[in-house]
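Work through the exercises below with the sequence and the model side by side. Try each task before reading its solution.

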Amino acid sequence: MLTAVLLALSNGLCIGLSRAVNGHLGRRDGPLRASLWNHVVGFVFLSAPMALQGVGAFHVGPAPWFAWIGGVLGVAFVALNSHVVVRLGASRTAGLVVGAQMLTGVVISNLGAAIDGRTLVRLAGAGLIVAGIWLANTPNAPRRLRRAPAAQAGEPK
């Protein structure tokens, strides 16, 4: 379990660094070219170790049609990030992406399942993450939070 957690954290590090690097490339050459070069370099990088495994490593077995959508989503992911990161900044972009990923994960994990206590805990966790993202990206958040009760009570701001 610890290995999986460390790998997931390493994956987050790679995604954050990739987002920043692709953002710089996207600023210079546009998000679509950044996505194209990201995938070309990734293809070359991945092909080398697969080629060492032999020709059979490139064989693709039967898969449902929707299994191929992952490549399209990957292109969209890199292009969108390359476009957005230079406009919102790395921290805000990462926060919004993580928040959307968390909410998507909760929805996917509960597709077709009844809403039970575990679902509510997951939703609460996702809500806390979204709240944390808002706090991390709102410089005046503590000041706003202190004003809120006074404003509700009808006191002057």
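**Exercise 1.** Find the partner with which D29 forms a salt bridge, and decide how exposed each of the two residues is.

*Solution.* Begin with the pair itself: in this predicted model, D29 forms a salt bridge with R28, and their closest N and O atoms lie 2.7 Å apart. To qualify, a side-chain nitrogen of Lys or Arg has to be within 4 Å of a carboxyl oxygen of Asp or Glu, and the 2.7 Å found for R28 and D29 satisfies that cut-off. Side chains of opposite charge can pair when their charged atoms come close. Next, consider the accessibility of each partner: R28 has a relative accessible area of 64% and is therefore exposed, because the exposed class begins over 50%. D29, at 27% relative accessibility, counts as partly exposed. Finally, count such pairs in the whole structure, which holds one salt bridge.

**Exercise 2.** Describe the largest pocket by its volume, its lining residues and their classes.

*Solution.* The first step is the volume, which is about 320 Å³ for the largest pocket. The second step is to locate the lining, which is made up of W37, N38, H39, V41, G42, F43, F45, L46, S47, M50 and F58. The third step is to sort these residues by class, which gives seven nonpolar and four polar residues, with no charged residue in the lining of the largest pocket.

**Exercise 3.** Work out which helices supply at least two residues each to the lining of the second largest pocket.

*Solution.* Start from the lining residues, namely L73, G74, A76, F77, L80, N81, V84, T93, V97 and Q101, around a space of about 200 Å³. Placing them on the helices shows that helix 3 (69–88) and helix 4 (90–109) each supply at least two, and that helix 3 gives the largest share, seven residues. By class, the lining of the second largest pocket has six nonpolar residues, four polar residues and no charged ones.

**Exercise 4.** Determine how many cavities of 30 Å³ or more there are, and what lines the largest cavity.

*Solution.* The count comes to one cavity of 30 Å³ or more, and the largest cavity holds about 40 Å³ of space. Its lining consists of I15, S18, R19, N22, F77, V78, N81 and S82, with helix 1 (2–29) and helix 3 each supplying at least two residues. Sorted by class, the lining of the largest cavity contains three nonpolar, four polar and one charged residue. Comparing the lists, F77 and N81 appear in the lining of the largest cavity and also in that of the second largest pocket.

Definitions and conventions. Residues are numbered from 1 along each chain as its sequence is written. This is a predicted model: local features need pLDDT of at least 70, side-chain atom pairs count only at pLDDT 80 or more; totals for chains, interfaces and linings use all residues. Side-chain values use heavy atoms; hydrogens and water are left out. On a 1 Å grid over the protein atoms alone, a cavity is a set of points where a 1.4 Å probe fits but cannot get out, and a pocket is an open set with protein on both sides within 12 Å along at least five of seven lines; lining residues have an atom within 4 Å of a point. Grid points are joined across faces, edges and corners, and a volume is the space filled by probe spheres set on the points. Ala, Val, Leu, Ile, Met, Phe, Trp, Tyr, Cys and Pro count as nonpolar, Asp, Glu, Lys and Arg as charged, and the others, Gly among them, as polar. Helices (H or I, at least four residues) and strands (E, at least two) are DSSP runs, numbered from the N terminus. Buried means under 20% relative accessible area, exposed over 50%, partly exposed in between (1.4 Å probe, protein chains only).
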